[in-house]
Amino acid sequence: ALEGLILDISDRKRAEQQLETERTMLRTLIDNIPEKIYSKDLACRKTLANKAEIESLECSSESEIVGKDDFAFFPPEFAQKFQADDKQILETGIPKLNYEELVIDRKGNSRWMLSSKIPLLDKQQNIIGLIGISRNITLQKKYEETLTNERLLLRTIIDNIPDCIYTKNASFQKTLANKAEVKLMGANSEKDVLGKDDYSFFSKELADTFAVDDKAVIETGQPILFKEEQLVDKAGNKRWLLSSKIPLRDKNNVVIGLLGLSHDITENKQYENLIQNERILFR
């Protein structure tokens with residue numbers, strides 16, 4: 001009987017040691033993940049906070065956080081919002097995944113977070129709390145805002161330039177058209193042009209000519225610069241354009257389309273013809 005008791009205690013000790021090792025490994029992993037990780041009980045109080053969460057809340061240790069709710073660390077309006085989200089998850093059991101939120105701490109410091117909250121279940125599948133994971137995306141949001149502003153600026157410039165500007169993909173379909181280009185093609189808006197080729201707007205003879213140049217630029221990677229072209233617009237007016245087509249390349253220097261620019265030189269050509277006629281008449 002004593003031998004059986006010793007074996008029973010030994011097995012239990014090994015199991016306890018294994019469990020303790022696994023807990024240590026899990027905690028080490030949680031504390032060294034750059035994302036903020038925490039857990040809360042049914043009263044929305046913190047029961048765990050990893051190092052990233054401790055630093056984010058400007059605390060020195062986990063003991064300063066455990067047992068407290070968000071009202072201890074955030075302005076009331078933000079704490080109320082966080083608690084409302086927590087209660088919804090605790091009541092419904094439905095996780096809230098990968099959502100962006102603006103967070104402002106008590107010192108007024110703001111940051112953007114990409115967050116997820118997942119219900120925490122016991123072995124009987126009862127909800128006993130939640131687990132939260134958050135990643136700081138403030139820098140990413142700043143880059144996105146800068147990029148958006150630059151795109152708006154560029155688009156404003158493109159649309160207000162009197163020359164026609166457009167881009168095409170490798171299938172010769174329009175992927176961008178400024179206001180002047182849309183007007184030249186006789187369309188009402190850019191969306192009427194995007195995804196279509198020149199055969200949708202010009203005669204086959206003229207579209208064939210454009211297609212030959214497009215193909216040459218995309219296949220050779222060499223631009224065609226300052227070429228005079230004549231076309232008849234939707235209103236039946238003859239127009240002369242001074243056009244350039246430049247290959248568009250991706251980051252691997254592969255040609256993926258082209259950029260087209262056309263300057264209307266109809267008046268210039270009319271003046272040239274007038275002068276030529278006057279010279280002939282004079283001679």
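This report describes the internal cavities and one nonpolar surface patch of a predicted model.

Two cavities of 30 Å³ or more are held within the structure. The largest cavity encloses about 140 Å³ of space, and of the 14 residues that line this cavity, those closest to its centre are Lys-36, Tyr-38, Phe-74, Phe-82 and Glu-101. Strand S1 (36–40), strand S3 (96–104) and strand S4 are the elements that each give two or more residues to this lining.

The second largest cavity has a volume of about 120 Å³, and among its 13 lining residues, Tyr-166, Glu-181, Phe-202, Phe-210 and Ser-262 lie nearest the centre. Here the elements that give two or more residues to the lining are strand S6 (164–169), helix H5 (179–184), strand S8 (224–232) and strand S9 (238–249).

The make-up of the two linings is set out below.

| Cavity | Nonpolar | Polar | Charged |
|---|---|---|---|
| Largest cavity | five residues | two residues | seven residues |
| Second largest cavity | six residues | one residue | six residues |

On the surface, Leu-97, Ile-118, Ile-131 and Ile-133 make a nonpolar patch of about 300 Å². Ile-118 belongs to strand S4, which spans residues 110–121, and strand S4 is also one of the elements that give two or more residues to the lining of the largest cavity. Because its relative accessible area is 33%, Ile-118 counts as partly exposed, and this value also passes the cut-off of over 30% relative accessible area that is asked of residues in a patch.

How values were computed:
Residues numbered from 1 in each chain as written. Predicted model: local features only at pLDDT ≥ 70, side-chain atom pairs only at ≥ 80, totals over all residues. Heavy atoms only, no water. Patch = residues over 30% accessible without salt bridge, like charges linked within 9 Å, V, L, I, M, F, W, Y side chains within 5 Å. Areas by Shrake-Rupley, 256 points an atom, 1.4 Å probe, with all protein chains shown as cover. Salt bridge = Lys/Arg side-chain N within 4 Å of Asp/Glu carboxyl O. Helix = DSSP H or I, 4+ residues; strand = E, 2+ residues; numbered from the N terminus. Buried < 20%, exposed > 50% of the residue type's maximum accessible area, 1.4 Å probe, protein only. 1 Å grid on protein atoms, 1.4 Å probe; cavity = no way out; pocket = protein on both sides within 12 Å on 5 of 7 lines; lining within 4 Å. Points joined across faces, edges and corners; volume = space filled by probe spheres on them. Nonpolar A, V, L, I, M, F, W, Y, C, P; charged D, E, K, R; others polar.
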